[in-house]
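Thank you all for coming; I would like to walk you through a few local features of one model. Please have the sequence and the structure open while I speak.

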Amino acid sequence: MAAGVMELWSGLPGYVRSTFWILVVMVAVILSVAFTTLWERKVIGWMQLRKGPNRVGSIFGLVPGIFQPFADVIKLLLKEVVVPSAANKTLFRIAPAITLVPALATWAVVPLDPELVIADIDAGLLYVLSLTSVGVYGVILAGWASNSKYAFLGAMRSAAQIVAYEIAMGFALVGVVMASGTLNLGDIVRAQGGGVSNWFALWLFPLFIVYVIAGVAETNRAPFDVAEGESEIVAGFHVEYSGISFALFFLAEYANMILISALTAVLFLGGWLSPFEGVLPEGSWLAQPSFFWLFLKLFFFLTCFMWYRATFPRYRYDQIMRLGWKVLIPVTLVWITVEGLMVYFKVGPWKG
């Protein structure tokens with residue numbers, strides 16, 4: 001039966017198989033976003049000696065509050081969507097979609113395991129950079145179209161922050177391209193094969209740290225969430241949004257968190273490669289590359305987002321901009337130079 005199913009699958013047109021995987025990945029990402037909100041509230045609750053959500057459902061008495069994300073979705077769907085009378089109604093309505101769509105579309109080029117990637121394109125890294133840059137337009141439009149000074153101020157602060165840290169992130173990725181010699185994300189993962197000692201996080205450690213910090217800032221998460229500084233500008237660029245419109249911004253933020261975590265694992269920690277490669281015998285399942293390893297790395301970085309939120313105080317805006325322009329960008333430029341010297345003199349993974 002399995003052979004028949006595989007034969008039927010291989011006989012389907014390529015666009016049908018791609019559409020199937022697009023649906024699978026999109027549903028998985030949306031469900032992951034839902035449960036990430038629950039996981040965040042649980043993690044921060046544990047860190048602050050609280051229980052977190054524990055009322056809405058459980059499975060055999062385990063994981064109390066497991067259905068809390070679905071209750072939140074139902075609540076937001078039933079709430080009225082209020083459009084300010086003086087707002088630009090067209091842009092006000094499409095801004096959440098402009099923020100969300102790039103966060104979902106980027107998954108098309110993320111390699112999930114050695115055999116599974118929706119679009120295995122050679123310029124995958126450029127595709128990622130271009131789409132992650134588009135999300136800022138949704139933020140700017142949301143602030144401007146709301147016709148609110150508070151929303152507009154939040155949008156401008158958010159846009160300036162995203163642009164500053166996007167430059168640092170781009171320079172960090174230049175180091176990855178230099179190390180791998182390719183823009184294809186799958187080939188970048190394969191370039192890190194041979195064991196943990198070949199993972200780029202080791203040889204490009206300063207760029208790895210810069211990428212992680214820039215990823216947190218790009219998603220407007222604490223401690224870089226000045227765009228949503230409640231004590232200063234209410235709730236930032238989405239202050240005038242309600243109901244499902246607000247939920248789309250919420251969905252985009254968490255989808256971007258998951259995406260940045262996945263890209264960090266792919267670009268610096270070997271993606272779906274096993275950390276036991278070269279340590280255990282090749283026949284061992286622990287040494288085999290699989291989605292399992294990518295998921296573990298992704299989950300670790302996603303949990304770090306919550307750890308940062310529970311640990312660090314919010315930075316002042318001037319501190320954030322100084323860090324982006326005067327610290328992270330110079331660090332990336334210096335280490336790209338060091339990496340170039342390592343490549344030239346055949347040091348480390350380039351000695352072959």
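Let me begin at the surface, where V27, L31, F35, I59, F60, F67 and F70 make a nonpolar patch of about 700 Å². Patches here are made of residues with over 30% relative accessible area and no salt bridge, like charges being joined within 9 Å and nonpolar side chains (Val, Leu, Ile, Met, Phe, Trp, Tyr) within 5 Å, and accessible areas come from the Shrake-Rupley method with a 1.4 Å probe, with only the protein chains shown counting as cover for residues.

I should say that this is a predicted model, in which local features need pLDDT of at least 70 and side-chain atom pairs count only at pLDDT 80 or more, whereas totals for chains, interfaces and linings use all residues. Residues are numbered from 1 along each chain as its sequence is written, and side-chain values use heavy atoms, with hydrogens and water left out.

Helix 2, residues 14–47, gives the most to the nonpolar patch, with three residues, and V27 is found in this helix. Helices are DSSP runs (H or I, at least four residues), numbered from the N terminus.

Turning to packing, helix 5 (residues 124–145) and helix 6 (residues 149–180) pack at an angle of about 170°, with their axes 8 Å apart; the axes are lines fitted to C-alpha atoms over the stretch in contact, and angles run from 0 to 180 degrees between N-to-C directions. Helix 5 and helix 6 are therefore roughly antiparallel to each other, a label that applies to angles over 145 degrees. Among the residues making the contact (heavy atoms within 4.5 Å) are L125 and W144 of helix 5 and F152 and E166 of helix 6.

The structure also holds eight salt bridges, each a side-chain nitrogen of Lys or Arg within 4 Å of a carboxyl oxygen of Asp or Glu. In one of them, the side chains of E40 and R221 meet at 2.3 Å, N to O. E40 lies in helix 2 and R221 in the loop between helix 9 (205–218) and helix 10 (230–233), so the pair ties together parts that are 181 residues apart in sequence.

What else is found in that loop? N220 lies there, with a positive phi of about 55° although it is not a glycine. P223 has its place in the loop between helix 9 and helix 10 as well, and the peptide bond from A222 to P223 is cis, with omega near 5°.

Technical notes:
Helix = DSSP H or I, 4+ residues; strand = E, 2+ residues; numbered from the N terminus. Parallel < 35°, antiparallel > 145°, perpendicular 65-115°, else oblique.
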